[in-house]
Structures are given as C-alpha cells and as structure tokens.
Amino acid sequence: MSGASATFERDARIVNARHGQVDPGEIAIGVIIGRTSEFFDFFVYAIASVIVFPKLVFPHLDALTGTLYSFAIFALAFVARPIGTGIFMAIDRAYGKGVKLTITLFLLGSSTVAIAFLPGYEQLGWVSALLLAAFRIGQGLALGGEWDGLPALLAMNAPENRRGWYAMIPQLGAPLGLMVAAALFAYFASNLSSEDFLDWGWRYPFFVAFAINVVALFARLRMVVTPEFTEHFEKKELEPKPIGETIRAEGAHIVVGAFAPLASFALFHMVTVFPLSWVFLYTDQSPTRFLVIELIGAMVGLVTIVLSGYVADRVGRRNLLSATAAAIAAFSGFAPQLLNGGDVGEVIFMVSGFILLGLSFGQSSGAVASNFSKAYRYTGSALTTDLAWLVGAGFAPFVALYLSSQFGLMAAGGYLLSGAVCTLLALAMSRQLESTER
C-alpha cells in the first residue's frame with residue numbers, strides 16, 4: 001500500500017504543480033469536505049443511537065435503559081480516538097500522510113458500512129451489542145487517525161486580521177453534516193412504516209456515509225500532497241511528533257485547549273443528540289418532526305458560525321468565547337425546561353440554542369491551539385481535539401439523559417452550566433500561561 005500511495009502522491013504533486021500553489025480558499029474547501037464527512041458519520045450514528053439501536057440491539061430492556069446502553073456504546077469512539085491518533089501518527093511519520101489518510105478513511109468507511117449490516121438482538125442476542133461496540137471503536141480509531149493538519153495549515157495561511165474568519169471554516173462541517181443526516185433519517189422515517197424503517201430503512205444513511213467518505217478521501221489527498229503543504233511539512237511546521245514528546249513539551253497547552261471549548265461542546269449535544277432522546281422517550285411526538293426542527297436549527301447554526309468569524313475578528317476570539325460561555329451559563333438556567341413546553345417551547349429552545357452554539361462553536365478550536373509552537377502544532381492540535389471531544393462530548397448524551405431522567409431537565413441544565421464554567425476557567429488559565437511564557 002505504501003508504494004501505491006507514494007506513486008499517487010508523486011503524480012498528484014505533478015498535477016497540482018501545473019496550476020501553482022494552493023491558496024487558502026482551496027485549502028478551506030478541503031477542510032470543509034473533510035469535516036462534513038466526519039460530522040456526517042457522527043450524526044448518522046448519534047441519531048440511530050436514539051431511534052434505532054435501543055429497539056434493534058436492546059429490545060429486551062426498557063426504552064430508557066436501552067437508550068443509555070446505546071449512548072454508552074456511542075462514547076466508545078471518543079475513548080478510542082486518542083489511541084487512533086497515537087497509532088496513525090506513527091504511520092504518518094513512517095509512511096506519509098497519503099498512506100495514513102487512505103487507511104483511516106477506509107477504516108472509517110468500512111466501520112460505518114458494517115453498522116448498516118448489523119444483525120439485531122433477535123438474530124444474535126448479546127453478540128449484536130458486541131459487534132456494534134467493535135464497529136464504534138473502529139470509527140473512533142479512524143477519527144483519531146484522520147487528522148490531516150489542514151485546519152492548522154489554514155490557520156497559518158490566514159491573514160493577521162482575519163484569523164477569526166478562517167478559524168470558523170472547519171466548524172462549518174458540523175451543521176452541514178447534521179443537515180444531511182437529519183434530512184436522510186427524516187425522509188426514510190416519514191416514508192416507511194415503522195416496521196420497514198427498523199428492518200432496513202435506517203441502514204441507508206450508513207451506506208451514504210461510505211460514499212461521502214470516498215469523496216472526502218480524494219479531496220483531502222489532493223490537498224495534502226500539494227507543493228504548499230509539502231513545503232510547510234518540510235519546514236517542520238506540520239511534522240508529526242511522537243505523542244510522549246509532544247505531551248512533555250506542550251502538556252499544559254493541551255490540557256487547557258481540551259477544556260476551553262467545553263461550553264460549546266456541552267451545548268453541542270444539548271441541542272442535537274440529547275433533545276432528540278428526550279422527545280423520543282418522554283413525549284408522544286414523532287422523531288421525524290423533531291429531526292426537521294433539528295434541520296432548521298442546523299441552518300441557523302450554519303449562519304451564526306459564519307457570523308462568529310466576523311465578530312471574532314472585531315472583538316477577539318477569546319473575548320467572544322468568554323462572552324458566549326457566560327451566555328451559555330445563563331441559557332442553562334432555564335432553557336432545557338423548554339423541551340417540556342410543547343411545540344413553541346421546543347422551537348425556541350432549538351433556535352436559541354443553535355444561535356449560541358454557532359457563535360461559540362465557530363471559534364472553539366482556534367483560541368488556544370494557536371499557542372502551540374510550530375514544531376508541535378500538528379500533533380498538539382490533534383491531541384487537543386481528541387481530548388476535547390472525549391471530555392466535553394463523549395459521555396455528554398449519557399450523562400445528560402441519565403441526570404434528566406432521574407432529577408428532571410434542570411439537572412441537564414446543571415451539566416451545561418459546568419461546561420460553561422470550565423471554559424471560563426480554561427480561558428483564564430490560557431491567558432496566565434501566555435503571560436508566564438513571555
């Protein structure tokens with residue numbers, strides 16, 4: 001595989017050299033395609049973990065317990081993700097980014113498609129859950145390994161006065177992925193009987209995920225083998241470093257960077273995965289209807305992510321993150337209870353939540369990652385992303401649903417509040433680190 005990949009990279013360099021170096025706009029396209037693919041896989045699984053897997057894999061349990069088990073398996077990908085980063089960073093150093101990306105995208109695509117063929121509890125009993133867990137771990141390993149450095153390259157090519165704008169570009173993948181995933185599930189759920197949907201209809205979005213991964217693979221391979229990317233790599237600005245060495249050199253920044261986006265990551269699940277599970281379990285409304293609401297909310301989030309770029313370039317990324325964390329803290333005090341407020345309450349919760357999410361999530365990856373030295377920026381950014389998703393997102397649906405089922409929706413608001421507090425503390429520590437290093 002390494003020989004074929006090396007040949008592909010050499011040929012791609014020749015092709016790309018004919019039209020000059022890639023500008024930031026072209027890099028941005030590769031980043032958006034890659035992140036949309038990643039988030040589409042994420043949301044396809046997340047939606048299925050609410051409306052499919054509890055009935056398919058855990059039909060012998062009550063609905064709440066089955067959903068909690070499903071969310072526990074959901075978290076396995078985030079646990080596996082840092083492990084995948086460690087494994088594939090070694091492959092990156094030994095064989096290059098072309099080989100690494102080919103393997104990881106193939107692993108991600110095959111793990112996702114394998115879920116589409118998953119037999120249920122009626123066919124395999126508890127082995128069905130073990131297979132689902134294994135496929136989910138495969139997704140997590142691949143997600144950790146598919147870091148290509150394009151967001152870091154994009155940030156380094158951003159004009160000084162437009163860093164906020166370029167920082168938000170990778171985040172556009174989240175609402176785009178959600179829009180496609182929600183639309184697909186809503187279409188099949190609304191046009192099939194519940195028996196047909198549970199039997200075969202839910203499987204089609206997982207097949208679509210494989211096709212999107214193939215497109216993302218070629219788009220990103222084209223980027224990483226361009227002369228510009230190679231030049232940055234040769235200057236050691238985007239060189240994959242050993243994990244242990246990176247932690248020793250940049251450990252403080254990695255920890256702070258992992259906690260800085262906690263407010264937006266906690267809100268991320270509070271307006272996507274968690275409300276779908278709450279409505280599905282505790283109301284008589286159809287999941288199709290709420291998926292349409294999520295689709296509309298994702299459109300709002302897309303607009304406000306773009307808006308975050310304009311605002312951040314005027315007031316500063318960290319100032320915007322601090323302000324939105326404070327707003328999320330206020331939001332946590334009352335908003336989750338709107339999910340019990342009928343149609344109007346749900347729409348208000350989702351739209352206001354996505355407005356806040358867009359403004360905060362749009363800048364959540366750029367404020368602290370810029371602190372890494374050039375030599376460790378590639379690996380440090382990957383580790384920070386992995387740990388941020390693990391701490392802020394991996395167990396969020398499970399924790400929020402368990403707390404709200406035991407203590408009411410106010411408890412879910414308390415969980416969201418804790419994320420906002422962590423963000424404010426991490427941003428304060430980041431400023432202190434900067435002043436100390438100066």
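## Close-up views of a predicted model

**View 1. Arg35, Glu38, Arg81 and Asp386 are joined to one another in a network of salt bridges.** The model shown here and in the views that follow is a predicted one. Within it, seven salt bridges are found in the structure as a whole. One of these pairs Asp386 with Arg81, whose closest N and O atoms are 2.8 Å apart. Because Asp386 belongs to helix α20 and Arg81 to helix α4, this pair ties together parts of the chain that are 305 residues apart in sequence. Both partners, Asp386 and Arg81, are buried.

**View 2. Asp92 takes part in salt bridges with Lys97 and with Lys100.** In the pair formed by Asp92 and Lys97, the side chains meet at 3.9 Å, taken from N to O, whereas the closest N and O atoms of Lys100 and Asp92 are 3.3 Å apart. Asp92 has a relative accessibility of 2% and therefore counts as buried, and Lys97, with a relative accessibility of 8%, counts as buried too. Lys100 is likewise buried, as is its partner Asp92.

**View 3. The largest cavity holds about 190 Å³ of space and is lined by 18 residues.** A search of the whole structure finds five cavities of 30 Å³ or more. In the largest cavity, the lining residues that lie nearest the centre are Arg35, Glu38, Glu146, Trp147 and Arg220. The elements that give two or more residues to this lining are α2 (24-51), α4 (63-95), α7, α8 (150-156) and α20 (377-394). Of the elements, α2 gives the most to the lining of the largest cavity, contributing five residues. Sorted by class, the lining of the largest cavity comprises seven charged, six nonpolar and five polar residues. Arg35 and Glu38, which are among the residues nearest the centre of this cavity, also belong to the salt-bridge network of the first view.

**View 4. The second largest cavity contains about 90 Å³ of space.** Its lining is made up of Glu38, Phe39, Phe42, Ala77, Phe78, Arg81, Leu143 and Trp389. Helices α2 and α4 are the elements that give two or more residues to the lining of this second largest cavity. By class, six of the lining residues are nonpolar and two are charged, while no polar residue is found among them. Glu38 and Arg81, both part of this lining, are members of the network of salt bridges that also includes Arg35 and Asp386.

**View 5. Tyr121, Leu124, Trp126, Val127 and Leu130 form a nonpolar patch on the surface.** Together these residues have about 470 Å² of accessible area. The elements that give two or more residues to the nonpolar patch are α6 (121-124) and α7 (127-145). Leu130, one of the patch residues, is situated in helix α7. With a relative accessible area of 49%, Leu130 is partly exposed, since a residue is classed as exposed at over 50% and as buried at under 20%, with partly exposed in between.

**View 6. Asp41 and Ala209 are 168 residues apart in sequence, yet their C-alpha atoms are 6.0 Å apart in space.** Asp41 is found in helix α2, and at 3% relative accessibility it counts as buried. Helix α2 is also the element that gives five residues to the lining of the largest cavity.

**View 7. Ile51 and Ala189 are separated by 138 residues in sequence and by 9.8 Å in space, C-alpha to C-alpha.** Ile51, like Asp41 in the preceding view, is found in helix α2. With a relative accessibility of 5%, Ile51 counts as buried.

**View 8. Thr102 and Arg220 are 118 residues apart in sequence, and the distance between their C-alpha atoms is 9.9 Å.** Thr102 is located in helix α5, which covers residues 97-116. Its relative accessibility of 24% places Thr102 in the partly exposed class, because the buried class is kept for values under 20%. Arg220, the other residue of this pair, is one of the lining residues that lie nearest the centre of the largest cavity.

How values were computed:
Residues numbered from 1 in each chain as written. Predicted model: local features only at pLDDT ≥ 70, side-chain atom pairs only at ≥ 80, totals over all residues. Heavy atoms only, no water. Patch = residues over 30% accessible without salt bridge, like charges linked within 9 Å, V, L, I, M, F, W, Y side chains within 5 Å. Areas by Shrake-Rupley, 256 points an atom, 1.4 Å probe, with all protein chains shown as cover. Salt bridge = Lys/Arg side-chain N within 4 Å of Asp/Glu carboxyl O. Helix = DSSP H or I, 4+ residues; strand = E, 2+ residues; numbered from the N terminus. Buried < 20%, exposed > 50% of the residue type's maximum accessible area, 1.4 Å probe, protein only. 1 Å grid on protein atoms, 1.4 Å probe; cavity = no way out; pocket = protein on both sides within 12 Å on 5 of 7 lines; lining within 4 Å. Points joined across faces, edges and corners; volume = space filled by probe spheres on them. Nonpolar A, V, L, I, M, F, W, Y, C, P; charged D, E, K, R; others polar.
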